[in-house]
Amino acid sequence: MNIALFSDCYLPSKNGVVTVIEQLRESLTKQGHHVVVVTVKNEQETEEMPNIYRAVAVPAGMGMKDQFFGFPWLPKVIKYLKRNNIELIHCHTEFTIGITGIQAAHRLHIPLVATMHTMWDDYYKFYLPAGKHIPLAFIQRLTLLFYNRFNAAVGVSTKAYNHLKKTLEARVPALIIPNAMDANKFSSSSVNENDKKNLREKLGIKDTDFVCLFVGRIGEEKRIYELIRASSRAVKQNNKIKLLFIGDGPAMVLCQESVEEKGIKDNVIFTGFLEWKELHSYYSIADLFMTASLSEMHSMTILESLITGLPIVARDDSSFYDTIHHGENGFLASTDDEITDYILKLASDKDLKEQFSKKSLELSRSYTPDLFVKKYLALYKYVLEHKKKNINEAELQVIIEEVGKTQ
């Protein structure tokens, strides 16, 4: 099978979408399929990668680090796709590269599928120029028009599927394929007890401290201020709790000032941005993962937490329903105040923490790259066999569910 993946972010940029795309590309290639990526030129690119078409692009700005707006020339893209005998296009973006994917598929008369990775209802105000002045209804209308042009669409969670089919009322046949995480790649560098001890000493964390970890963009859309308020209340009730924030973003300075004002500076660590290959070491010294975000689709950091065997405390949101089982491997808080309560509960109950840890490891086995790529291959084959016509959503969903049962 010859497949083209279209995205406006790709290596060497690093984020959850890039991780998903690269995982899909690698898994498909290992199974003997020919995969090309159509994406943007990146200022940080140091060497040309094979089977990559890069369009001229400009930095996106608006606090979007390593993000670019592409300006692909359609005739060149079509020529490239023809040269690679592409049979199917899979879009991972709603921006210019995704629109080009739609145009190319129509010109070449080949099937077209998409994956919805981002809840733009929550993000557009922070990412688009003058976003705070754009009505939500306008964004939803554009999103609906975009996805209705596909032969099939994938939601990475129940939340994503419901947004497509219930909120937007999209006509496109849709199904759910959760993201996956390669546990071997994530934990490729072993972390022994001495490594953990050295890292904790470097960060000023004592053996008796209870470490609450957050990994992600330090920005409003992640409800980072609310998370700091909730976790700070836990620190004030239990001085053994340390808060570890990994990431960077526009809210960093205000978050640091807030911590100082609350008088808990000695219990809070901001590392700034870290390379992905370094993250496993930091997860390994944590006791739980915490987030107050309500804007996720299917969080890669939650998958990383499962692989590391961490209990998770999060705000109750349908994007977490398959990865966080309330009372089994974590807690889903209905309010920010409950985040405080649940952090304190796990910090004071070692047996419960261990119980949750084992369940997280167990759940992590449901999100393997092998199962992930099998589901996408089933989707691709179905769409190709039906030649873009008579795609039955219910039938397609059953096929994907059966793939999961045979794993």
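**From one arginine to the whole fold**

Arg233 has a relative accessible area of 31% and is partly exposed, because that value lies between the 20% limit for buried and the 50% limit for exposed. The model in which this value was computed is a predicted one. Arg233 forms a salt bridge with Asp337, and the closest N and O atoms of the two are 2.9 Å apart. This pair ties together distant parts of the chain, since Arg233 sits in helix α9 (residues 224-237) and Asp337 in helix α13 (residues 336-347), 104 residues away. Asp337 is also partly exposed, at 47% relative accessibility.

Helix α9 itself can be checked for length. With 14 residues at 1.5 Å a residue, α9 should span 20 Å, and its end C-alpha atoms are indeed 20 Å apart, so the expected and modelled spans agree. The buried residues of α9 are Ile224, Leu227, Ile228, Ala230, Ser231, Ser232, Ala234 and Val235. These buried residues pack against strands β10, β11, β12 and β13, and also against helices α10 (252-261) and α13. Helix α13 therefore meets α9 in two ways: it is packed against by the buried residues of α9, and it carries Asp337, the salt-bridge partner of Arg233.

The loop between β10 and α9 holds Arg223. Although Arg223 is not a glycine, its phi is positive, at about 55°. Arg223 counts as buried because its relative accessibility is 16%, which is under the 20% limit. Arg223 also belongs to a network with Arg315 and Asp336, joined by salt bridges that share partners.

The strands that α9 packs against belong to a sheet. How are its strands ordered? The order is β12-β11-β10-β13-β14-β15, in an open sheet of six strands with parallel pairing. β12 (268-272) and β15 (330-333) are at the edges and have a single partner strand each, so one side of each has no neighbour in the sheet. Neighbouring strands are turned against each other by 20° on average, direction ignored. At the β12 edge, four bridges join β12 to β11 (residues 241-246), and the two run parallel. Val268 of β12 is the bridge partner of Leu243.

Further helices pack on this sheet. Helix α11 (residues 276-284) touches β10 (210-215), β11, β12 and β13 (288-291), and its direction makes about 150° with that of β10. Helix α12 (residues 300-308) lies across β10, β13 and β14 (312-315), running at about 165° to β13.

Next come the nonpolar cores. The largest has 67 residues, and those with the most contacts inside it are Leu213, Leu244, Leu379 and Tyr380. Helix α15 gives the most to this core, with eleven residues. Apart from its neighbours within four places in sequence, Tyr380 is in contact with Met1, Ile3, Leu5, Leu24, Leu28, Leu88, His90 and Val113. A second, separate core of 40 residues includes Ala55, Tyr80, Ala153 and Ala174.

Helix α15 (residues 369-385) also holds a salt bridge partner pair, Asp370 and Lys374, which lie four residues apart, about one turn of the helix. Their closest N and O atoms are 3.4 Å apart. Asp370 is partly exposed at 35% relative accessibility, and Lys374 is partly exposed at 36%.

In the whole structure, 19 salt bridges are found. Side chains of opposite charge can pair when their charged atoms come close. One of these salt bridges joins Lys185 and Glu26, at 2.6 Å from N to O. Lys185 lies in helix α7 (residues 183-186) and Glu26 in helix α1 (residues 16-30), 159 residues apart, so this pair too links distant parts of the chain. Lys185 is partly exposed, at 35%, and so is Glu26, with a relative accessible area of 24%.

Two local backbone features remain. A cis peptide bond, with omega about 10°, joins Leu11 and Pro12. Pro12 is in the loop that runs between β1 (2-6) and α1. Asn85, in the loop between α2 (74-83) and β6 (88-91), has a positive phi near 55° and is not a glycine. Is Asn85 buried or exposed? Asn85 counts as exposed, because its relative accessibility of 53% is over the 50% limit.

Notes: Residues numbered from 1 in each chain as written. Predicted model: local features only at pLDDT ≥ 70, side-chain atom pairs only at ≥ 80, totals over all residues. Heavy atoms only, no water. Pairing = 2+ DSSP bridges. Axes fitted to C-alpha atoms, helices over the stretch in contact; angles between N-to-C directions. Contact = heavy atoms within 4.5 Å. Salt bridge = Lys/Arg side-chain N within 4 Å of Asp/Glu carboxyl O. Buried < 20%, exposed > 50% of the residue type's maximum accessible area, 1.4 Å probe, protein only. Core = buried A, V, L, I, M, F, W, Y, C linked by side-chain atoms within 4.5 Å. Expected span 1.5 Å × (residues − 1).
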